[in-house]
Amino acid sequence: MFSCVGYGAASATAPLKPLTFERRECGPNDVQIDITHCGVCHSDIHTVRSEWGESLYPCVPGHEIIGRVVKTGPSVTRFKVGDCVGVGCMVDSCRHCDSCTAGLEQYCDANPVWTYNSPDAAFPQEGAYTFGGYSRSIVVTEHFVLKVPETLDPAAAAPLLCAGITTWSPLAHWKVGKGHKVGVVGLGGLGHMAVKFAVALGAEVTLFTTSPNKVEDGKRLGAHRVVISKDAEAMAAEHNRFDFILDAVSADHDVNAYLALLRQDGHMVLVGLPEKPMSVGAFALVGKRRSLAGSAIGGIKETQEMLDFCGKHNITADIEMIRMDQINDAYERVLRSDVKYRFVIDMESLPEAI
(Lines give C-alpha, C1' and ligand atoms only; values in the text may rest on other atoms or scores of the structure.)
Protein backbone atom coordinates (compact mmCIF):
# COMPACT_ATOMS: atom_id res chain seq x y z
CA MET A 1 0.00 0.00 0.00
CA PHE A 2 1.04 3.61 -0.42
CA SER A 3 -0.20 6.91 0.99
CA CYS A 4 -2.20 9.18 -1.31
CA VAL A 5 -3.30 12.80 -0.90
CA GLY A 6 -6.86 13.75 -1.78
CA TYR A 7 -9.87 15.88 -0.92
CA GLY A 8 -12.82 14.36 0.89
CA ALA A 9 -15.63 14.85 3.38
CA ALA A 10 -15.69 13.43 6.91
CA SER A 11 -19.49 13.42 7.10
CA ALA A 12 -22.61 14.34 5.15
CA THR A 13 -22.53 17.86 6.56
CA ALA A 14 -18.77 18.48 6.49
CA PRO A 15 -16.99 20.47 3.77
CA LEU A 16 -14.40 18.74 1.60
CA LYS A 17 -10.89 19.10 3.01
CA PRO A 18 -7.39 17.73 2.30
CA LEU A 19 -6.74 14.24 3.66
CA THR A 20 -4.51 11.21 3.17
CA PHE A 21 -5.61 7.62 2.60
CA GLU A 22 -4.14 4.33 1.40
CA ARG A 23 -4.07 3.08 -2.19
CA ARG A 24 -3.15 -0.51 -3.06
CA GLU A 25 0.14 -1.13 -4.81
CA CYS A 26 0.02 -1.83 -8.55
CA GLY A 27 -0.77 -5.55 -8.98
CA PRO A 28 -0.12 -7.83 -11.99
CA ASN A 29 -3.18 -6.59 -13.94
CA ASP A 30 -3.24 -3.04 -12.60
CA VAL A 31 -2.46 0.37 -14.02
CA GLN A 32 -1.27 3.17 -11.73
CA ILE A 33 -2.27 6.63 -12.90
CA ASP A 34 -1.15 10.09 -11.85
CA ILE A 35 -4.36 12.14 -12.08
CA THR A 36 -4.09 15.44 -13.94
CA HIS A 37 -7.78 16.42 -14.15
CA CYS A 38 -11.06 15.35 -12.58
CA GLY A 39 -14.54 16.53 -13.50
CA VAL A 40 -17.16 17.50 -10.93
CA CYS A 41 -20.44 15.59 -11.32
CA HIS A 42 -23.71 16.29 -9.52
CA SER A 43 -23.47 12.65 -8.38
CA ASP A 44 -20.41 13.66 -6.34
CA ILE A 45 -22.56 16.07 -4.35
CA HIS A 46 -25.38 13.55 -3.85
CA THR A 47 -22.89 10.97 -2.56
CA VAL A 48 -20.86 13.28 -0.34
CA ARG A 49 -24.08 14.48 1.29
CA SER A 50 -25.61 10.98 1.64
CA GLU A 51 -28.60 11.96 -0.49
CA TRP A 52 -28.75 8.57 -2.22
CA GLY A 53 -28.42 6.56 0.98
CA GLU A 54 -25.84 6.57 3.74
CA SER A 55 -22.33 7.02 2.34
CA LEU A 56 -19.05 5.74 3.72
CA TYR A 57 -16.73 8.31 5.29
CA PRO A 58 -14.31 9.73 4.68
CA CYS A 59 -15.71 10.05 1.18
CA VAL A 60 -13.34 11.00 -1.65
CA PRO A 61 -15.47 11.55 -4.77
CA GLY A 62 -14.62 11.96 -8.45
CA HIS A 63 -15.31 9.67 -11.42
CA GLU A 64 -14.38 11.78 -14.45
CA ILE A 65 -10.66 11.06 -14.28
CA ILE A 66 -7.90 11.87 -16.76
CA GLY A 67 -4.23 11.16 -16.09
CA ARG A 68 -0.96 9.62 -17.21
CA VAL A 69 0.17 6.05 -16.64
CA VAL A 70 3.14 5.90 -14.25
CA LYS A 71 3.30 2.15 -13.61
CA THR A 72 1.84 -1.07 -15.03
CA GLY A 73 1.66 -4.60 -13.72
CA PRO A 74 3.59 -7.34 -15.55
CA SER A 75 0.42 -8.79 -17.12
CA VAL A 76 -0.81 -5.46 -18.53
CA THR A 77 -0.74 -5.40 -22.35
CA ARG A 78 -2.84 -2.40 -23.45
CA PHE A 79 -1.07 0.45 -21.68
CA LYS A 80 2.45 1.75 -21.16
CA VAL A 81 4.01 4.42 -18.99
CA GLY A 82 3.20 7.89 -20.31
CA ASP A 83 -0.14 7.01 -21.95
CA CYS A 84 -3.01 9.48 -21.52
CA VAL A 85 -5.84 7.47 -19.98
CA GLY A 86 -9.23 7.85 -18.37
CA VAL A 87 -11.23 6.20 -15.60
CA GLY A 88 -14.98 6.63 -15.40
CA CYS A 89 -17.70 5.61 -12.97
CA MET A 90 -16.61 1.96 -12.55
CA VAL A 91 -13.34 0.29 -11.57
CA ASP A 92 -14.50 -3.36 -11.62
CA SER A 93 -17.46 -5.74 -11.94
CA CYS A 94 -18.14 -9.46 -11.60
CA ARG A 95 -17.09 -9.94 -15.28
CA HIS A 96 -19.15 -13.14 -15.77
CA CYS A 97 -22.87 -12.26 -15.58
CA ASP A 98 -24.85 -11.75 -18.78
CA SER A 99 -24.48 -7.96 -18.64
CA CYS A 100 -20.73 -8.08 -18.10
CA THR A 101 -20.10 -10.62 -20.86
CA ALA A 102 -22.18 -8.41 -23.18
CA GLY A 103 -19.88 -5.47 -22.44
CA LEU A 104 -22.47 -3.70 -20.30
CA GLU A 105 -20.65 -3.75 -16.98
CA GLN A 106 -22.73 -0.85 -15.67
CA TYR A 107 -25.65 -3.27 -15.33
CA CYS A 108 -23.62 -5.99 -13.58
CA ASP A 109 -25.90 -8.40 -11.69
CA ALA A 110 -23.57 -8.30 -8.69
CA ASN A 111 -23.33 -4.49 -8.94
CA PRO A 112 -20.27 -2.77 -10.37
CA VAL A 113 -17.45 -1.61 -8.13
CA TRP A 114 -17.99 2.12 -8.39
CA THR A 115 -14.99 4.41 -8.57
CA TYR A 116 -15.70 5.78 -5.13
CA ASN A 117 -17.74 4.83 -2.05
CA SER A 118 -18.06 1.19 -3.13
CA PRO A 119 -16.83 -1.99 -1.39
CA ASP A 120 -13.38 -2.81 -2.75
CA ALA A 121 -12.47 -6.50 -2.77
CA ALA A 122 -9.21 -5.73 -4.59
CA PHE A 123 -7.86 -3.84 -1.59
CA PRO A 124 -5.94 -6.04 0.89
CA GLN A 125 -7.66 -4.62 3.97
CA GLU A 126 -11.01 -6.10 5.02
CA GLY A 127 -13.93 -3.67 4.83
CA ALA A 128 -12.12 -1.37 2.40
CA TYR A 129 -14.01 0.83 -0.03
CA THR A 130 -13.02 2.85 -3.07
CA PHE A 131 -11.73 6.42 -3.16
CA GLY A 132 -12.23 8.54 -6.26
CA GLY A 133 -10.49 11.03 -8.46
CA TYR A 134 -10.22 14.05 -6.18
CA SER A 135 -6.75 12.70 -5.46
CA ARG A 136 -3.19 12.58 -6.70
CA SER A 137 -3.26 9.02 -8.06
CA ILE A 138 -5.39 5.92 -8.57
CA VAL A 139 -4.75 2.22 -9.22
CA VAL A 140 -7.26 0.46 -11.49
CA THR A 141 -7.41 -2.96 -13.11
CA GLU A 142 -6.51 -2.76 -16.81
CA HIS A 143 -9.96 -3.71 -18.12
CA PHE A 144 -11.51 -0.56 -16.65
CA VAL A 145 -8.90 1.88 -17.93
CA LEU A 146 -9.62 3.79 -21.16
CA LYS A 147 -7.37 5.22 -23.85
CA VAL A 148 -7.86 8.96 -24.32
CA PRO A 149 -6.99 10.36 -27.75
CA GLU A 150 -3.93 12.59 -27.50
CA THR A 151 -5.64 15.08 -29.82
CA LEU A 152 -8.18 16.01 -27.12
CA ASP A 153 -7.63 18.64 -24.45
CA PRO A 154 -7.31 16.43 -21.34
CA ALA A 155 -9.14 18.91 -19.09
CA ALA A 156 -12.13 19.19 -21.42
CA ALA A 157 -12.07 15.42 -22.02
CA ALA A 158 -12.56 14.59 -18.32
CA PRO A 159 -16.38 15.01 -18.33
CA LEU A 160 -16.61 12.56 -21.22
CA LEU A 161 -16.05 9.79 -18.65
CA CYS A 162 -19.50 10.40 -17.12
CA ALA A 163 -21.52 13.18 -18.78
CA GLY A 164 -20.24 12.07 -22.16
CA ILE A 165 -20.89 8.36 -21.92
CA THR A 166 -24.22 8.87 -20.12
CA THR A 167 -25.58 10.67 -23.18
CA TRP A 168 -23.66 8.71 -25.82
CA SER A 169 -24.86 5.28 -24.66
CA PRO A 170 -28.61 5.77 -25.33
CA LEU A 171 -27.92 7.54 -28.63
CA ALA A 172 -25.79 4.58 -29.72
CA HIS A 173 -28.18 1.92 -28.37
CA TRP A 174 -31.19 3.39 -30.19
CA LYS A 175 -29.02 3.95 -33.29
CA VAL A 176 -29.65 7.67 -33.61
CA GLY A 177 -28.24 9.08 -36.84
CA LYS A 178 -28.95 10.77 -40.14
CA GLY A 179 -32.61 11.37 -40.89
CA HIS A 180 -33.67 11.27 -37.23
CA LYS A 181 -35.37 14.15 -35.48
CA VAL A 182 -33.97 14.28 -31.94
CA GLY A 183 -35.07 16.33 -28.95
CA VAL A 184 -32.78 17.09 -26.00
CA VAL A 185 -34.47 18.21 -22.79
CA GLY A 186 -32.30 20.45 -20.61
CA LEU A 187 -29.03 22.22 -21.33
CA GLY A 188 -26.68 21.35 -18.49
CA GLY A 189 -23.68 19.07 -18.02
CA LEU A 190 -25.52 16.16 -19.67
CA GLY A 191 -27.68 18.08 -22.11
CA HIS A 192 -24.87 20.03 -23.72
CA MET A 193 -23.04 16.77 -24.47
CA ALA A 194 -26.23 15.23 -25.88
CA VAL A 195 -26.61 18.14 -28.30
CA LYS A 196 -23.00 17.83 -29.48
CA PHE A 197 -23.23 14.06 -29.99
CA ALA A 198 -26.62 14.03 -31.72
CA VAL A 199 -25.49 16.75 -34.14
CA ALA A 200 -22.23 14.93 -34.88
CA LEU A 201 -24.21 11.73 -35.54
CA GLY A 202 -26.16 13.56 -38.24
CA ALA A 203 -29.53 14.06 -36.54
CA GLU A 204 -31.70 17.16 -36.69
CA VAL A 205 -31.54 18.38 -33.09
CA THR A 206 -34.04 20.45 -31.14
CA LEU A 207 -33.17 21.68 -27.66
CA PHE A 208 -35.93 22.12 -25.08
CA THR A 209 -35.13 24.52 -22.27
CA THR A 210 -37.05 26.51 -19.67
CA SER A 211 -34.50 29.36 -19.95
CA PRO A 212 -34.74 31.88 -22.81
CA ASN A 213 -31.16 32.92 -22.01
CA LYS A 214 -29.97 29.48 -23.17
CA VAL A 215 -31.31 29.84 -26.71
CA GLU A 216 -28.14 31.30 -28.20
CA ASP A 217 -25.92 28.87 -26.30
CA GLY A 218 -27.96 25.94 -27.57
CA LYS A 219 -27.46 27.12 -31.14
CA ARG A 220 -23.75 27.71 -30.53
CA LEU A 221 -23.44 24.09 -29.41
CA GLY A 222 -25.06 22.95 -32.66
CA ALA A 223 -28.80 22.67 -31.97
CA HIS A 224 -30.77 23.36 -35.14
CA ARG A 225 -33.79 24.59 -33.21
CA VAL A 226 -34.51 25.71 -29.63
CA VAL A 227 -37.96 25.56 -28.02
CA ILE A 228 -38.88 27.24 -24.73
CA SER A 229 -40.72 24.48 -22.91
CA LYS A 230 -42.76 26.90 -20.79
CA ASP A 231 -44.44 28.17 -23.97
CA ALA A 232 -47.56 26.00 -24.33
CA GLU A 233 -48.20 27.02 -27.95
CA ALA A 234 -44.61 26.30 -28.95
CA MET A 235 -44.79 22.87 -27.31
CA ALA A 236 -48.12 22.05 -28.96
CA ALA A 237 -46.58 22.81 -32.34
CA GLU A 238 -44.01 20.04 -31.74
CA HIS A 239 -46.53 17.20 -31.20
CA ASN A 240 -45.83 13.95 -33.07
CA ARG A 241 -42.53 15.27 -34.47
CA PHE A 242 -39.65 13.38 -32.85
CA ASP A 243 -38.13 9.96 -33.37
CA PHE A 244 -36.10 10.17 -30.16
CA ILE A 245 -36.02 12.41 -27.10
CA LEU A 246 -33.23 12.38 -24.51
CA ASP A 247 -34.36 13.80 -21.17
CA ALA A 248 -31.36 15.09 -19.20
CA VAL A 249 -33.27 16.97 -16.48
CA SER A 250 -32.89 15.94 -12.83
CA ALA A 251 -35.39 18.47 -11.44
CA ASP A 252 -39.04 17.49 -11.09
CA HIS A 253 -40.86 17.96 -14.40
CA ASP A 254 -43.77 16.58 -16.43
CA VAL A 255 -42.52 13.85 -18.77
CA ASN A 256 -45.98 13.56 -20.37
CA ALA A 257 -45.45 16.93 -22.03
CA TYR A 258 -42.49 15.44 -23.90
CA LEU A 259 -43.99 12.03 -24.59
CA ALA A 260 -46.65 13.85 -26.61
CA LEU A 261 -43.92 15.14 -28.90
CA LEU A 262 -42.89 11.64 -30.04
CA ARG A 263 -43.98 10.15 -33.32
CA GLN A 264 -45.53 6.70 -33.50
CA ASP A 265 -42.96 4.19 -32.20
CA GLY A 266 -40.76 7.00 -30.89
CA HIS A 267 -38.53 6.58 -27.87
CA MET A 268 -37.97 8.85 -24.89
CA VAL A 269 -35.02 7.98 -22.67
CA LEU A 270 -34.30 9.33 -19.20
CA VAL A 271 -30.73 10.01 -18.13
CA GLY A 272 -31.56 12.64 -15.51
CA LEU A 273 -32.45 11.49 -12.00
CA PRO A 274 -35.33 13.44 -10.41
CA GLU A 275 -35.72 12.77 -6.70
CA LYS A 276 -39.49 12.11 -6.78
CA PRO A 277 -41.30 9.33 -8.68
CA MET A 278 -42.79 10.41 -12.00
CA SER A 279 -46.43 10.17 -13.01
CA VAL A 280 -46.79 8.79 -16.53
CA GLY A 281 -50.13 8.83 -18.34
CA ALA A 282 -50.88 5.50 -20.01
CA PHE A 283 -52.55 7.17 -23.00
CA ALA A 284 -49.37 9.12 -23.76
CA LEU A 285 -47.65 5.78 -24.39
CA VAL A 286 -50.44 3.56 -25.73
CA GLY A 287 -51.90 6.04 -28.21
CA LYS A 288 -48.86 6.06 -30.49
CA ARG A 289 -47.00 2.94 -29.30
CA ARG A 290 -44.37 5.21 -27.76
CA SER A 291 -41.80 3.93 -25.29
CA LEU A 292 -40.27 5.45 -22.17
CA ALA A 293 -36.93 4.03 -21.03
CA GLY A 294 -33.93 4.82 -18.89
CA SER A 295 -30.19 4.50 -19.44
CA ALA A 296 -27.18 4.48 -17.10
CA ILE A 297 -23.65 5.51 -18.14
CA GLY A 298 -22.16 2.90 -20.52
CA GLY A 299 -19.98 -0.18 -20.68
CA ILE A 300 -16.23 -0.09 -21.14
CA LYS A 301 -16.37 -1.05 -24.83
CA GLU A 302 -18.87 1.65 -25.74
CA THR A 303 -17.04 4.20 -23.58
CA GLN A 304 -13.91 3.55 -25.63
CA GLU A 305 -15.96 3.86 -28.82
CA MET A 306 -17.29 7.20 -27.56
CA LEU A 307 -13.78 8.47 -26.80
CA ASP A 308 -12.58 7.40 -30.24
CA PHE A 309 -15.55 9.19 -31.83
CA CYS A 310 -14.70 12.31 -29.83
CA GLY A 311 -11.11 12.12 -31.02
CA LYS A 312 -12.25 11.85 -34.64
CA HIS A 313 -14.75 14.72 -34.38
CA ASN A 314 -12.87 16.86 -31.80
CA ILE A 315 -15.71 16.73 -29.27
CA THR A 316 -15.11 17.69 -25.64
CA ALA A 317 -17.14 19.26 -22.85
CA ASP A 318 -17.50 22.98 -22.25
CA ILE A 319 -15.72 23.44 -18.93
CA GLU A 320 -14.63 25.86 -16.26
CA MET A 321 -11.33 24.91 -14.64
CA ILE A 322 -11.02 25.27 -10.87
CA ARG A 323 -8.36 24.70 -8.22
CA MET A 324 -8.86 21.89 -5.75
CA ASP A 325 -9.41 24.35 -2.89
CA GLN A 326 -12.38 25.86 -4.79
CA ILE A 327 -14.38 22.63 -4.68
CA ASN A 328 -16.81 23.59 -1.91
CA ASP A 329 -17.73 26.81 -3.72
CA ALA A 330 -18.06 24.83 -6.94
CA TYR A 331 -20.57 22.48 -5.28
CA GLU A 332 -22.75 25.44 -4.32
CA ARG A 333 -22.53 26.80 -7.85
CA VAL A 334 -23.54 23.42 -9.31
CA LEU A 335 -26.64 23.49 -7.12
CA ARG A 336 -27.45 26.96 -8.52
CA SER A 337 -26.80 25.76 -12.10
CA ASP A 338 -24.08 28.40 -12.24
CA VAL A 339 -21.63 26.65 -14.56
CA LYS A 340 -21.30 26.24 -18.34
CA TYR A 341 -21.31 23.31 -18.33
CA ARG A 342 -18.93 21.26 -16.21
CA PHE A 343 -16.35 22.09 -13.56
CA VAL A 344 -12.99 20.34 -13.93
CA ILE A 345 -10.37 20.32 -11.18
CA ASP A 346 -6.75 21.00 -12.08
CA MET A 347 -5.14 18.33 -9.92
CA GLU A 348 -1.79 20.10 -10.00
CA SER A 349 -3.41 22.43 -7.47
CA LEU A 350 -3.69 19.56 -4.96
CA PRO A 351 -1.07 19.72 -2.20
CA GLU A 352 1.70 17.15 -2.56
CA ALA A 353 1.53 16.40 1.15
CA ILE A 354 -0.59 17.30 4.16
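A residue counts as buried when its relative accessible area is under 20%. The exercises below apply this and related criteria to a predicted model.

**Exercise 1. Burial of helix α4**

State how many residues of α4 are buried, which they are, and what covers them.

Solution.
- Step 1. Nine of the eleven residues of α4 are buried, so the helix is mostly covered under the 20% limit.
- Step 2. The buried residues are Ala163, Gly164, Ile165, Thr166, Thr167, Trp168, Ser169, Pro170 and Leu171.
- Step 3. The cover over them includes the helices α5 and α10, together with the strands β13 (242–247), β14 (262–270) and β17 (342–346).
- Step 4. Just after α4, Lys175 has a positive phi of about 55°.

**Exercise 2. Packing of α4 against α5**

Classify the arrangement of α4 and α5, and list the residues that make the contact.

Solution.
- Step 1. Helix α4 spans residues 163–173 and helix α5 residues 189–200; their axes are 8 Å apart, at an angle of about 50°.
- Step 2. Angles under 35 degrees count as roughly parallel and 65 to 115 as roughly perpendicular. The angle here fits neither class, so α4 is oblique to α5.
- Step 3. The crossing of the two helices is right-handed.
- Step 4. On the α4 side, the contact is made by Ala163, Gly164, Thr166, Thr167, Trp168 and Leu171. On the α5 side, Gly189, Leu190, Met193, Ala194, Phe197 and Ala198 take part.

**Exercise 3. The surroundings of Ser295**

Is Ser295 buried or exposed, and which residues does Ser295 contact beyond its sequence neighbours?

Solution.
- Step 1. Ser295 is in the loop that runs between β15 (291–294) and α10 (300–313).
- Step 2. Its relative accessibility is 13%, so Ser295 counts as buried.
- Step 3. With neighbours within four places in sequence left aside, Ser295 is in contact with Tyr107, Ser169, Pro170, Val269, Leu270 and Val271. Ser169 and Pro170 are among the buried residues of α4.

**Exercise 4. An aromatic pair**

Classify the pair formed by Phe208 and Tyr258, and place both residues in the chain.

Solution.
- Step 1. A pair of aromatic rings is described by the distance of the centres and the angle of the planes.
- Step 2. The ring centres of Phe208 and Tyr258 are 5.8 Å apart and the planes stand at 80°, so the pair is edge-to-face.
- Step 3. Phe208 belongs to strand β11 (residues 204–209) and Tyr258 to helix α8 (residues 256–259); the two are 50 residues apart, and the pair links distant parts of the chain.
- Step 4. Phe208 and Tyr258 are both buried.
- Step 5. The whole structure holds seven aromatic pairs. Elsewhere, Phe21, Tyr129 and Phe131 form one aromatic cluster.

Technical notes
Residues numbered from 1 in each chain as written. Predicted model: local features only at pLDDT ≥ 70, side-chain atom pairs only at ≥ 80, totals over all residues. Heavy atoms only, no water. Phe/Tyr/Trp six-rings, centres within 6.5 Å; stacked < 30°, edge-to-face > 60°. Helix = DSSP H or I, 4+ residues; strand = E, 2+ residues; numbered from the N terminus. Buried < 20%, exposed > 50% of the residue type's maximum accessible area, 1.4 Å probe, protein only. Axes fitted to C-alpha atoms, helices over the stretch in contact; angles between N-to-C directions. Parallel < 35°, antiparallel > 145°, perpendicular 65-115°, else oblique. Left-handed = near helix turned anticlockwise from the far one by under 90°. Contact = heavy atoms within 4.5 Å.
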